[in-house]
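The following note is offered to a colleague at the bench. Its points concern charged pairs, aromatic rings, the surface and one database annotation.

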Amino acid sequence: MSNCSFCQVIDETLRLGGIAIWLMREAKEDIQYQVHLDENVYNGALNFNPWRWMEPENEEKRNRRTSPFYAPFGGGARFCPGAELARLQIALFLRYFVTTYRLLNEVEKRQFQLRRSLRRLRTRCSRSVLSSSGTEERCRQRGI
């Protein structure tokens, strides 16, 4: 499962925004920890790029259990026991989202809004009393 392109999207999402920032622990000394967002480790570190995992230099960085450069679920004795469950939930959500919804570009969005407006107008015209010649004539002019 680690080589599939769907998994690359999950790994890149976890690299950019893992849950670890919300864990509250007391540090014994001041440190800076931004390995996932370090430009020295990842080219274009702040950009979402799931294809980065196809580059040979990033193959070893992707190993969640042993890599010091990619640790969305911690590491060593503090490795998250729910890591695989979390990845499964992300995969299920993404599959549902991608197969259920359709993303529209601006032209498609305008066309969709126009069709929806026309449907509403048809519904209003069909519900209104068409005995009034004015209402009937307006509906005819609009092609309804």
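A salt bridge is taken here as a side-chain nitrogen of Lys or Arg within 4 Å of a carboxyl oxygen of Asp or Glu. The model under discussion is predicted.

1. Glu-12 and Arg-15 satisfy this rule, as their side chains meet in a salt bridge with an N to O distance of 2.8 Å. Both residues belong to helix H1 and are 3 residues apart, so about one helical turn separates them. Glu-12 has a relative accessibility of 0% and therefore counts as buried. Arg-15, with a relative accessible area of 1%, is buried as well. By the rule stated above, the count comes to 5 salt bridges.

2. Asp-11 deserves separate attention. A salt bridge joins Asp-11 to Arg-62, the closest N and O atoms being 2.6 Å apart. This pair links distant parts of the chain: Asp-11 is in helix H1 (residues 5–16), whereas Arg-62 is in the loop between helix H2 (56–59) and helix H3 (83–100), 51 residues apart. Asp-11 and Arg-62 are buried.

3. Asp-11 also forms a salt bridge with Arg-87, and here the closest N and O atoms are 2.5 Å apart. Because Asp-11 lies in helix H1 and Arg-87 in helix H3, the pair ties together parts that are 76 residues apart in sequence. Arg-87 is buried, and so is Asp-11. Asp-11, Arg-62 and Arg-87 are thus to be read as a unit, for they are linked in a network of salt bridges.

4. How many helices and strands are there in the chain? The chain has 5 helices and 0 strands, and its pattern along the sequence is α-α-α-α-α. Of the 144 residues in the chain, 22% are buried. Among contacts with a separation of 6 or more, 50% are accounted for by residues 24 or more positions apart.

5. The aromatic side chains form a further topic. The structure holds 5 aromatic pairs. One of these is the pair of Tyr-42 and Trp-53, which is edge-to-face, at 5.8 Å centre to centre and with 75° between the planes. Tyr-42 and Trp-53 are each in the loop between H1 and H2, 11 residues apart, and the pair links distant parts of the chain. Both Tyr-42 and Trp-53 are buried.

6. Trp-53 pairs with Tyr-70 as well. The ring centres of Trp-53 and Tyr-70 are 5.2 Å apart and the planes stand at 65°, so this pair is edge-to-face; the cut-off for that class is over 60 degrees. The pair links distant parts of the chain, with Trp-53 in the loop between H1 and H2 and Tyr-70 in the loop between H2 and H3, 17 residues apart. Tyr-70 is buried, and so is Trp-53.

7. Which residues do ring pairs link into a cluster? They are Phe-93, Tyr-96, Phe-97 and Tyr-101. These four names recur on the surface, where Phe-6, Phe-93, Tyr-96, Phe-97, Val-98, Tyr-101 and Leu-103 make a nonpolar patch of about 780 Å². H3 supplies the largest share of the nonpolar patch, 4 residues. Val-98 is placed in helix H3. With a relative accessibility of 55%, Val-98 counts as exposed, because the cut-off for exposed is over 50%. For the chain as a whole, the exposed area is about 11500 Å², of which carbon and sulfur atoms supply 56%.

8. A final point concerns the database record. UniProt, in an unreviewed entry, lists Cys-80 under "binding site". Cys-80 is found in the loop between H2 and H3. Is Cys-80 buried, partly exposed or exposed? At 31% relative accessibility, Cys-80 counts as partly exposed, since that class falls between the cut-offs of under 20% for buried and over 50% for exposed. The annotation should be read with the reminder that such entries may be inferred rather than shown by experiment.

Terms used:
Residues are numbered from 1 along each chain as its sequence is written. This is a predicted model: local features need pLDDT of at least 70, side-chain atom pairs count only at pLDDT 80 or more; totals for chains, interfaces and linings use all residues. Side-chain values use heavy atoms; hydrogens and water are left out. Helices (H or I, at least four residues) and strands (E, at least two) are DSSP runs, numbered from the N terminus. Buried means under 20% relative accessible area, exposed over 50%, partly exposed in between (1.4 Å probe, protein chains only). Patches are made of residues with over 30% relative accessible area and no salt bridge: like charges are joined within 9 Å, nonpolar side chains (Val, Leu, Ile, Met, Phe, Trp, Tyr) within 5 Å. Accessible areas come from the Shrake-Rupley method with a 1.4 Å probe; for residues, only the protein chains shown count as cover. Contact means heavy atoms within 4.5 Å. Rings of Phe, Tyr and Trp (its six-membered ring) pair if their centres lie within 6.5 Å; planes under 30 degrees apart count as stacked, over 60 as edge-to-face and the rest as tilted.
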